[in-house]
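User: I've just opened this one and could use a quick tour. Can we go through it together?
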Amino acid sequence: MKTGDHEQDGMLLRRASRGDEDSFSALYEKHQGALYRFALRMTGSPWGAEEIVQDVFMTLIREPSKYDPQRGALAAFLFGIARNKVMKHNERLPREISITGRNEDGNGAGISLQHSITPALLTEKRERLEKVRAAVLELPVEFRETVVLCDLEELTYDEAAKMLDCPIGTIRSRLHRGRALLLAKLEMLRDTPQRWRAVR
Amino acid sequence: MTLGTNERYEMNCNEFEIFGLDAERDSSLSDELRSQALEHLQLCASCAALKDSWESAKTELITLRDFTEGHESPARVKLRVLQEFRTKHHSVQVRRRTKFAAWALAAAAILLCAVITWNWRMSQRDANARLISQNGPGTPNIAWTAPRKQSGLAGPEQTATLVADNGGDFTILPGTIWQETDDGTIVRVAMQRAELSALGFPVNEERAAEYVQVDLLLASDGSPQALRVPQ
């Protein structure tokens, strides 16, 4: 979230709110991937993630004035909307866990058939990944979003704090508890003894 | 966690779990805390095992991240979003155009009314000025009178009510007491020349039976006041 990005987003949004479709398209292309992945990792549902991304941009189209550049970057604003949509989605629907990792279009990485991977290895890897994904999805939502943002989206603690609009200490504490839960689940999957003491 | 000058603070296991586990990524940590975390890691076997465990979990998280790294929303989402964008901005443009057209029409209508009113007033003024210049003082103002009565001196197809003086002087009829009136009426009638002779007009005897068109000026009570032969 550099200053240049912030200014560029602001400029694109101003143009888009005047009806410039190219600017809106550029904004969409810039942010949709991260939003989709965030929503996918938070909901575990490609359909849900798709709906959330759509809703986020619909909100931006209908109420562009809701975004105040003084309060932070556009990405943080969009993630804020996405978070709310994720919460609503999770309240509304039972969690779906997709085993394929591909969405309807067949779009997305999935597990690529890498050079030396045998089908058996691929299946094993896919199963393992699915368990990790399920473990992440089972985290309580406030821990899950910090784990997703910091450990999967690789945001810094500071960026995550800005995005979630909370102090950095809260991020650290949520991460600590979220990781403890996650580690406990993963160790159970590995059948290794639990080493985490803080959360028991 | 401030330290005295001679005091050496040692991080405990609980603090290590909070601050030390991901110390290399947490840019908000001070160098001091980071070095204490490292120190604790070297001294505490349990935390070292925990760190190892977390590193392997991180590897799995990284694999998961890489697995979903290229995921993007499907193209149909973009289509739907762009459709909404177009609809919104198209309707805004249409609304703007409609508003502009409505204002332009209203302005044109006002301008048209103003021009019509101006022309009407000017034509009224010209007509008044023409009448004033044509009618001398004492002449009854007959320009704007409404027709009162049709003359019975000739057939109805031969009578007409004039609304303006079209030239020529009236001759007061013999034996008439002139009545000053503001709303006299002029009627055009057909009369035999012989009748004009009875009223004192010079008439050619050979054409005495012919009919001619004359204008009769009627007083407000309907009695003829004056007569003229239109040219």
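Analyst: Sure, we'll start with the chains and then look at some helix packing.

User: Anything to know before we start?

Analyst: This is a predicted model, where local features need pLDDT of at least 70, side-chain atom pairs count only at pLDDT 80 or more, and totals for chains, interfaces and linings use all residues. Residues are numbered from 1 along each chain as its sequence is written, and chains are lettered from A and ligands numbered from 1 in the order in which they are written.

User: OK, what is the secondary structure of chain A?

Analyst: Chain A has eight helices and zero strands. Those words refer to DSSP runs numbered from the N terminus: H or I of at least four residues for a helix, E of at least two for a strand.

User: And which elements does chain B run through?

Analyst: From the N terminus, chain B goes α-α-α-α-β-β-β-α-β-β, which comes to five helices and five strands.

User: How much of each chain is buried?

Analyst: In chain A, 40% of the 200 residues are buried; in chain B, 20% of the 231 residues are. Buried means 20 or more other C-beta atoms within 10 Å of a residue's own, exposed means 12 or fewer, and partly exposed is in between, with C-beta atoms placed from the backbone.

User: What about contacts across the sequence in chain A?

Analyst: Taking contacts in chain A between residues at least 6 apart in sequence, 59% join residues at least 24 apart. For chain B, that figure is 62%. Two residues are in contact if their C-beta atoms, placed from the backbone, lie within 7 Å.

User: Now the two chains together. How many residues does the contact take from each?

Analyst: It takes 46 residues from chain A and 36 residues from chain B. On the chain A side, α2 (21-43), α3 (46-62), α5, α6 (141-152), α7 (157-164) and α8 (168-190) each supply at least two residues. The largest share of that side is from α2(A), with 10 residues.

User: How do the residues on that side of chain A divide by class?

Analyst: The side of chain A that touches chain B has 20 nonpolar, 11 polar and 15 charged residues. Here Ala, Val, Leu, Ile, Met, Phe, Trp, Tyr, Cys and Pro count as nonpolar, Asp, Glu, Lys and Arg as charged, and the others, Gly among them, as polar.

User: Show me a helix pair between the chains. At what angle do α5 of chain A and α3 of chain B pack?

Analyst: About 100 degrees, with the axes of α5(A) (residues 119-137) and α3(B) (residues 45-69) 10 Å apart. Axes are lines fitted to C-alpha atoms, for helices over the stretch in contact, and angles run from 0 to 180 degrees between N-to-C directions. α5(A) and α3(B) are therefore roughly perpendicular. The labels go like this: under 35 degrees is roughly parallel, over 145 roughly antiparallel, 65 to 115 roughly perpendicular, and the rest oblique.

User: Which residues meet there?

Analyst: A:Leu129, A:Val132 and A:Arg133 of α5(A) meet B:Glu60, B:Leu61, B:Thr63, B:Leu64 and B:Phe67 of α3(B). By class, this contact of α5(A) with α3(B) has five nonpolar, one polar and two charged residues.

User: Back inside chain A. How do α2 and α4 pack?

Analyst: α2(A) and α4(A) (residues 74-92) pack at about 30 degrees, with their axes 10 Å apart, so they are roughly parallel. α2(A) passes α4(A) in a right-handed crossing. Right-handed means the near helix is turned clockwise from the far one by less than a right angle, and left-handed means anticlockwise. The contact of α2(A) with α4(A) has nine nonpolar, four polar and no charged residues.

User: And α2 with α3 in that chain: where do the axes come, and at what angle do they cross?

Analyst: The axes of α2(A) and α3(A) come within 8 Å and cross at roughly 140 degrees. That makes α2(A) oblique to α3(A). This contact of α2(A) with α3(A) has 11 nonpolar, three polar and no charged residues.

User: What should α4(A) span at 1.5 Å a residue?

Analyst: The 19 residues of α4(A) should span 27 Å, and its end C-alpha atoms are 27 Å apart, which agrees. The expected span is 1.5 Å times one less than the number of residues. The buried residues of α4(A) include A:Phe77, A:Ile81 and A:Lys85.

User: One last spot: where does A:Thr156 lie?

Analyst: A:Thr156 is in the loop between α6 and α7 of chain A. A:Thr156 is partly exposed, with 17 other C-beta atoms within 10 Å.
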